[in-house]
Amino acid sequence: MPDHPPITASRCPRTYRTSALRAYRRAPSHHSVPGQSGDPEAGLIDLFRARHRGARLRHREVQPPSPLDPLRSGEVDVALLWLPVREPDLTVGPVTHTSPVLLMVAADHPYAHRDAIDLEDLGDCTLVTGHSIPAYMEETLAPHHTPAGRPIRRGPGVTTWQEVISAVCSGEAAAGVAAEAARFYPWPNLVFVPIRDATPCQWALVWRTADKSPLIRAFAQAAAELGETSRPL
């Protein structure tokens, strides 16, 4: 039996996707991570493990089109999500890192050969439509209007990261993503275009306010001690 109820942490960095980790006391170590090396969470996990050697970390993917669902359902206890998160039942903890925002397009998209674009250029794009994401969170990566006020069209609805990639590869739509996606998805049919005037997105730990697990607090404390990092393009 665990000493504490399981804590779950999810993260939604670099690839416009999230992974969750569940920590148990007095359980054998078991974890899996996406194909991402050198990410800012590695140091956090190492520090947490060093302090809680009996904990098991289990990573689970959280889908960006529905980033809050795993927290609300109890599937994960702590999520690493892009900001802002303004929900009365959720607590936002330490910021872990900051990422530039890029536009992910198909290789034959009109913007694919540009060095960079501006937010105003999104007025001529169609972006994927999230499933159950708050509009204010979606705005960080996929705004609904250009700076001049032009509406930005919404295209196919997506519920998973794989559906995002499929919609982009097919040319149906583009997607705003964090810069790390370009490193972890260097596919020949995908192109990542910097958005010059997009505000970089911050990532922070988020958990259910009602959850009083000491392991969640310990995880957040480790993140606070490590501080925030910036991820270059």
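**Exercise 1. Locate Gln202 and describe its surroundings.**

Solution. Gln202 belongs to strand β11 (residues 201-208), where strands are DSSP runs of E with at least two residues, numbered from the N terminus. The model is predicted, so local features need pLDDT of at least 70 and side-chain atom pairs count only at pLDDT 80 or more, while totals for chains, interfaces and linings use all residues. Residues are numbered from 1 along each chain as its sequence is written, and side-chain values use heavy atoms, with hydrogens and water left out.

Next, the relative accessible area of Gln202 is 32%. Buried means under 20%, exposed over 50%, and partly exposed in between (1.4 Å probe, protein chains only); Gln202 is therefore partly exposed.

Finally, a contact requires heavy atoms within 4.5 Å. Not counting residues up to four places away in sequence, Gln202 touches Leu81, Trp82, Leu83, Val95, His97, Thr98 and Glu228. Gln202 and His97 are 105 residues apart in sequence, yet their C-alpha atoms are 5.9 Å apart.

**Exercise 2. Classify the ring pair of Trp82 and Trp203.**

Solution. Rings of Phe, Tyr and Trp (its six-membered ring) pair if their centres lie within 6.5 Å; planes under 30 degrees apart are stacked, over 60 edge-to-face, and the rest tilted. The rule gives 4 aromatic pairs. For Trp82 and Trp203, the centres are 5.8 Å apart and the planes at 75°, so the pair is edge-to-face. Trp82 lies in strand β4 (residues 78-82) and Trp203 in strand β11, so the pair ties together parts 121 residues apart in sequence. Both Trp82 and Trp203 are buried.

Note on methods. Helix = DSSP H or I, 4+ residues; strand = E, 2+ residues; numbered from the N terminus.
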